[in-house]
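Please open the model in your viewer and keep the selection panel at hand. The tour moves from one selection to the next and says what is there.

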Amino acid sequence: MQEIKIFCPATIANISCGFDVLGVALESVGDEMVVRKIAKNGIYITKLEGQELPMETLQNVAGVAGLALLEKSTYTGGFEIEIRKKIKAGSGIGSSAASASGAVWAMNELLGRPFSKLELVQFAMEGERLASGVAHADNVAPALFGGFTLVRSYDPLDIVPIPSPSELYATVIHPQIEVKTSDSRKILKTTISLADGIKQWGNVGGLVAGLFTSDYALIGRSLVDHIVEPIRSMLIPGFDDVKSASLNSGALGCGISGSGPSIFAFSQGKKKAVEVADAMKKVYQHIGIDYDVHVSKINPEGIKLIHSSK
Ligand code: HSE
């Protein structure tokens, strides 16, 4: 294989209670990338459509992640990368993760899969380090593994894939403002109280148990964030109203997607997820803020091959 075209999914990180450790891949929102082998050593971003982002290798998350892979590889050639962004930068649904993980996934395929998924996560985390200043794995892990993932430990890196209940749907609304992950991390406190910790890890355990047993009510009860949401929600116009509207229309739970400003809700069944989308939209229509909205199934496989050529 010389060239590969792939779909790189959007992802919801944190999932309310799991700051920096929980994430999930989406089915119906994502970027496309074309990656091709070339004789010249190095990574070259040759096309970038859909967003204004740097194309210099060292300034681009796909470039930096790709270089991390090349460094550990015996391959002496290089790669050209074309990126068609459909996920807006700074939207909170893993735009940088899609590009970083897509680059390393495609390179690994073109090289005959010398690296494990866990190693690919480590390379892609270098893209996150460039984008946000912190090499968090809660977007790149679900992009690469698919479905829900838990980062059980960062050192050593330990990723636990978690099954997705078949009727679970995500609704994501993106009010058209940009929140940089680096900025929304700066406002967080670095310590938490034992009382908040107890509530938070109860919910993380509850959410993971609910996902394993397809217990939708338990999933809903566990989608609570006592630590990050109370602070970050201040950056998101209409957050409390969007959350109440989604819960009143039957969502299982609702919270900030990644570092925001997107807001996600989970629902049981597509019909409910669409009703939740309508309720969320009404809030932004009322306050006069433009938005994008997505209703998506959980993506069980992560990055997907669209086609390859010799
Ligand atoms: N866990 C990261 C954060 C996700 O909340 O800062 C960013 O998408």
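Begin by selecting Asp138 together with the ligand: a polar side-chain atom of Asp138 lies 2.6 Å from a nitrogen atom of the ligand, a polar contact being a pair of N or O atoms within 3.5 Å. Add Asn14, where an N or O atom of the side chain is 2.8 Å from an oxygen atom of the ligand, and then Asn139, whose side chain has an N or O atom 2.9 Å from a ligand oxygen. Taken alone the ligand exposes 260 Å², of which the protein buries 97%, with accessible areas from the Shrake-Rupley method and a 1.4 Å probe.

This is a predicted model, in which local features need pLDDT of at least 70 and side-chain atom pairs count only at pLDDT 80 or more, while totals for chains, interfaces and linings use all residues. Residues are numbered from 1 along each chain as its sequence is written, and side-chain values use heavy atoms, with hydrogens and water left out.

Next, select the shell around the ligand, which includes Ala13, Phe19, Asp20, His136, Thr181, Arg185, Arg232, Gly258 and Ser259; a residue is near the ligand if one of its heavy atoms lies within 4 Å of it. By class, the shell has two nonpolar, six polar and four charged residues, with Gly counted among the polar ones. Now colour domain 1 (3-162 + 299-309) and domain 2 (168-297): because both give residues to this shell, the ligand lies between them.

Finally, turn to the enclosed spaces, found on a 1 Å grid over the protein atoms alone, where a cavity is a set of points at which a 1.4 Å probe fits but cannot get out, and lining residues have an atom within 4 Å of a point. There are two cavities of 30 Å³ or more, a volume being the space filled by probe spheres set on the points.

For the largest cavity, with about 40 Å³ of space, select Asn14, Ser16, Asp225, Val228, Glu229, Arg232, Ile256 and Gly258; this lining has two nonpolar, three polar and three charged residues.

For the second largest cavity, of about 30 Å³, select Val179, Arg232, Leu235, Ile236, Ile256, Ser259, Gly260 and Pro261, a lining that divides into five nonpolar, two polar and one charged.

How values were computed. Polar contact = N/O pair within 3.5 Å; in protein donor to acceptor, adjacent residues only side chain to side chain. Domains from an automatic or database assignment. 1 Å grid on protein atoms, 1.4 Å probe; cavity = no way out; pocket = protein on both sides within 12 Å on 5 of 7 lines; lining within 4 Å.
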